[in-house]
Structure formats: C-alpha cells, structure tokens
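Colleague: Before I set anything up on this model, could we go through its pocket, its surface and its charged pairs in turn?

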Amino acid sequence: MKHTVLTLQKMKEDGEKITMVTAYDYTTAAIASESGIDTILVGDSLGMTMLGYDDTLAVTMDDMIHHARAVTRGAGDTFVICDMPFMSYQASVYDAVTNAGRIMKESGANAVKIEGGANIYDSIAAIVDASIPVCGHIGMTPQSVNAMGGFKVQGKDIKKAQQLIEDARAFEDAGAFMVTLECVPSRLSEIITRELSIPTIGIGAGAGCDGQVLVYQDMLNMFPGHQAKFVKHFAEVGEEMRKGFKAYISEVKEGVFPSDEHSFKIDDEVIENLELGKIRK
Ligand code: KIV
C-alpha cells in the first residue's frame, strides 16, 4: 500500500510503528521497498555516505535532486522524503518555497525534510501552504554542526529541553506532517511524542518515538567511518561485499572466472574458417 501523510498519521493513532531507512540510489530504494519499509528518506547524509564529505554542508540542490530521482524510480509505492540541503531554505521564505517546489517537481519525492524549529516557522508554513508536505528535523541537526560545536546529544538541560519541545510544536503548528528527532534523550523524546499529534521518527532518540530511521550503510555495517552509539548492525553487508570482491579478484587472477558458464558460444565452423585464414581483409 502506498503511504500518504494521512496513513502515516493513522499509524501514530493506531500505535503502529513507522519504519524509515535512507536510500540514495535506485537499487537500494528497490530493495528497501520490496522489503516492506514504510518510508524512504533521501537524506543529505549522502554527503558523507555517497560523496565522502566530512559533513552535510557541501551538499547541493542538484546533488539531492540527482539522488532523489534515482530513489523515486526504484521506490515503487514507498513514500519518499527528500532532505532540503544546507542554505536551500535558511536565507528566506522565498528560497524555502522555491527550492522545496524544485525538489518536488524534479525528483518526484512525496515530501521534503528541513532542520530547525521555531526559528524557521514562516518558511515551514509557506512550504506547507504551497501544498508540499514537510517533515521537520530537530535535536542534533547536522547542518548546524558548526554552531552546535560538534555532533552531540541535544536537550539535556531544562532550557534546551524546553526549546526542543517548542521546536517540535513549531513544526506541528506550522503544518508539518511528521518530525524527526535526532540524538535526543529517550525520556525527552517520549514527552515530545506524547505532546505532538503528528508522528515522531527517532534516530538516537529511544524507543518512545512513533517510528525509527537509520542510515542504511550504518545499519548494514557498510560505512568505514565512525559509528554513533545509536547504530545497530542488522546485517554484515560490508563484510559480505569485501568477501565478494576478494573472491572475484582471486578468480580473475587465477583464470577461474569467467568459465564456459559465463561465456558466449560461436559455431565451430566460423572459428575453423577464421583459423584457415578466411578473415576478410
Ligand atoms: O540525512 C539524513 O540521513 C538524516 C537522518 C539521519 C535522519 O537526516
């Protein structure tokens, strides 16, 4: 079944957990979709996982659209959310609506995700007014890594916890259909989830959220970089890939691959004629 903002809302009401995973290409989106995932996020984490940057800041609108188009082609009926990259919505409401519209028109995604809260209320409301579903992202917001002084758990003191609750409410009041909570203490996430009527999706935010998201290279243990505390490895795909590449290398070096089974045949007569010097000059 194709999810919509309404069916995702109903999942919260019914207490059914929402599953989300990132994808950045056609093949991964197709596998995630066939596996029955509820939603796919084309995260700007692609800056690290696909492009090898240290953070998400250098990711462009063109990068996001390029990857999101591949994902929507593979995602079938799965609901796709595409991140708005750094500085595509922060400078003005005009930028926010124009760039959100570009993502929807050019990528085929079903919604956009933006980081922030009360500080970008007008932009959230304006994107929603343009009939574009918005997913918020609060807590540890990677596009603010420099302002936050690193990738750290957020909302640990009363003032910051209160601010996170206000940011979550700002998204809901401005019309967002969902909010992502990243690196938020579990008990604070529970309060935010209880206070909001829209679903919350956690990453490093405990079990009390309405759903969970993970970066697929993290959950499949493919990414060679630092692994956050909240990551669980659900499969050893990186190791399987290494095994596969090594087996391929040694079979090619030893002349085992390709065998007849993986080669094409030609009539003996054609070869005999060639060998007899009947090649046209
Ligand atoms: O960019 C991303 O992948 C994200 C998730 C980590 C929530 O925003």
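What follows is a short exchange of questions and answers on this structure.

Modeller: Please keep in mind that this is a predicted model, in which local features need pLDDT of at least 70 and side-chain atom pairs count only at pLDDT 80 or more, while totals for chains, interfaces and linings use all residues. Residues are numbered from 1 along each chain as its sequence is written, and side-chain values use heavy atoms, with hydrogens and water left out.

Colleague: What is the volume of the largest pocket?

Modeller: A pocket here is an open set of points on a 1 Å grid over the protein atoms alone, where a 1.4 Å probe fits and protein lies on both sides within 12 Å along at least five of seven lines. Grid points are joined across faces, edges and corners, and the volume is the space filled by probe spheres set on the points. On that basis the largest pocket comes to about 720 Å³.

Colleague: Which residues of its lining are the closest to the centre of the largest pocket?

Modeller: Lining residues are those with an atom within 4 Å of a point, and helix H3 (46-49), strand S4 (111-115) and strand S6 (178-182) each supply at least two of them. Of the 31 residues in the lining, the closest to the centre are Met48, Phe151, Glu182, Asp218 and Phe230.

Colleague: Is Phe257, in the nonpolar surface patch, buried or exposed, or does it fall in between?

Modeller: Phe257 lies in the loop between helix H11 (237-254) and helix H12 (268-275), and together with Met241, Phe245, Tyr248, Ile249 and Val252 it makes a nonpolar patch of about 580 Å². Buried means under 20% relative accessible area and exposed over 50% (1.4 Å probe, protein chains only). Because its relative accessibility is 33%, Phe257 counts as partly exposed.

Colleague: Which residue does Asp62 form a salt bridge with?

Modeller: A salt bridge is a side-chain nitrogen of Lys or Arg within 4 Å of a carboxyl oxygen of Asp or Glu. For Asp62 in helix H4 (residues 61-74), the closest N and O atoms of the pair are 2.6 Å apart, and the partner, 40 residues away, sits in helix H5 (residues 93-107). That partner is Arg102.

Colleague: Are Lys113 and Asp83 buried or exposed?

Modeller: Their side chains meet in a salt bridge with an N to O distance of 2.7 Å, which links strand S4, holding Lys113, to strand S3 (residues 79-83), holding Asp83. Lys113 and Asp83 are both buried.

Notes:
Helices (H or I, at least four residues) and strands (E, at least two) are DSSP runs, numbered from the N terminus. Patches are made of residues with over 30% relative accessible area and no salt bridge: like charges are joined within 9 Å, nonpolar side chains (Val, Leu, Ile, Met, Phe, Trp, Tyr) within 5 Å. Accessible areas come from the Shrake-Rupley method with a 1.4 Å probe; for residues, only the protein chains shown count as cover.
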